[in-house]
Amino acid sequence: MSAAADSQTRPFSEALKDAQTRITAHMAMRLAGGDELHAAMRYAITGGKMLRGFLVLESARLHGIAAEAALDAALAIECIHAYSLVHDDLPCMDNDDLRRGQPTVHKKWDEAMAVLAGDSLQTFAFELLADPKVGPNALTLIRGLAQSSGKDGMVSGQMLDIAAESASAPLNLEQITKLQSRKTGCLIEWSATAGAVLAGENPAQLRQYARALGLAFQIADDILDVEGDAAKVGKAVRKDADAGKATFVSLLGLAEAKARALSLCEEACAALSPYGEDAETLKEAARFVIARDS
C-alpha cells in the first residue's frame, strides 16, 4: 500500500486534534444527506475525543497504510462507538439526558430517531470497510469489527453491565474486568491493531498495548465518576456510587485504582518497544488516558 499522509511522529495533542479534524471532515463528506436521519447520525459522532479513530490512524501510520483507507477505518470505528452510546443512553438502557455536554440523541429528537440513527451508524461502519480502497485485508478487519462489537464483544459487555444492576451481589474484580474488557476494551483493541491488520502484519504487540490501554481507560472512567466535574466530563457523574454499582474504584479503592491505571499505562508503553521512537505518540496516548479530565 502507498504511504500514509502522516509519516512522522508528532506530539499526541497535535496528532489527536488532527485526527479529530480529519475524521469530522470525512464524516461530513460521507454523511452529507440533508434529512433528519443523517443529521442525527452526524450529531451522534460530533464532539467526542475520537480516541478510537486516532488509534486507527496512528496504527495505520506505523504500517504505511494509505490515508484514504485509514480514514474510512477510523470513521467506521467512530460510527460503531457513537451507535453504542446512542443506544446506551436510551431510557431502556442507562436513561441518560446528557452526552458530551449536549442533549442525548433521544432528547434532541426522540427515541425512535435514536434507535434508527444508531442502527444506521452501525451498518454504515461496515459499508465503509467494504469499500475496495480499504485493501485486500478488509475482510479480516470487517470480521474483527463484527466480533469486537457484537455478541462476544461490546454488546456482550453491555449485557453483563445490565445484568449486574439487578444481581443479588456486586461484581467481583474478575467479573468486572471481564465486563469492561468486552464493553470498552474490544473496540479499543480493534482500533489499535487496525493498521497492522490492513498491512497484513502481526498485530500481537499492538494487541498487548491495546488490552492494557483499554483497561486503563475504564479505570480512569471509574475514577472520573468519583472525582470528575460534570461540566468537563460532559455527562452525569457519581451515578455508579449512587446506584451502588461495583467499579474498579469501589473494589480497589481510589488510591489503588490510580496505581493500577499507572501500572497498565507502563505495560502498554512497554508493549510498543519493537516500534522504537516511532511509537512515541501512542505512548503519549496511554499517558493521556489515565490523566484526562473528561
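# Salt bridges and nonpolar core

Across the whole structure, 16 salt bridges are found. The model is predicted. This briefing describes three of these pairs, one salt-bridge network and the largest nonpolar core, which has 85 residues.

**Salt bridge between helices α10 and α9**

- Arg211 and Glu189 form a salt bridge through their side chains, with an N to O distance of 3.0 Å.
- This pair connects distant parts of the chain, 22 residues apart: Arg211 belongs to helix α10 (residues 204–227) and Glu189 to helix α9 (residues 173–199).
- Arg211 is classed as exposed because its relative accessibility is 53%, and the exposed class begins over 50%.
- Glu189 has a relative accessible area of 17% and is therefore buried, given that the limit for burial is under 20%.

**Salt bridge between helices α10 and α14**

- A salt bridge joins the side chains of Glu227 and Lys258, at 3.0 Å from N to O.
- Glu227 is in helix α10 and Lys258 is in helix α14 (residues 254–271), so the salt bridge ties together parts of the chain that are 31 residues apart in sequence.
- Glu227 is partly exposed, its relative accessible area being 44%.
- Lys258 is likewise partly exposed, at 38% relative accessibility.

**Salt bridge between Glu280 and Arg287**

- The side chains of Glu280 and Arg287 meet in a salt bridge with an N to O distance of 2.7 Å.
- Glu280 counts as partly exposed, with 29% relative accessibility.
- Arg287 also counts as partly exposed, with a value of 37%.

**Salt-bridge network**

- Arg30, Asp72, Asp131 and Lys133 are joined into one network by salt bridges that share partners.

**Nonpolar core**

- In soluble globular proteins, nonpolar side chains tend to be buried together.
- The largest nonpolar core here comprises 85 residues, and Ile45, Phe54 and Tyr209 are the residues with the most contacts inside it.
- Helix α4 (residues 67–88) supplies the largest share of this core, namely 13 residues.
- Once neighbours within four places in sequence are set aside, the contacts of Phe54 include Phe12, Ala15, Leu16, Ala19 and Ile23.
- Under that same exclusion, Phe54 is also in contact with Thr281, Leu282 and Ala285.

Notes. Residues numbered from 1 in each chain as written. Predicted model: local features only at pLDDT ≥ 70, side-chain atom pairs only at ≥ 80, totals over all residues. Heavy atoms only, no water. Salt bridge = Lys/Arg side-chain N within 4 Å of Asp/Glu carboxyl O. Helix = DSSP H or I, 4+ residues; strand = E, 2+ residues; numbered from the N terminus. Buried < 20%, exposed > 50% of the residue type's maximum accessible area, 1.4 Å probe, protein only. Core = buried A, V, L, I, M, F, W, Y, C linked by side-chain atoms within 4.5 Å. Contact = heavy atoms within 4.5 Å.
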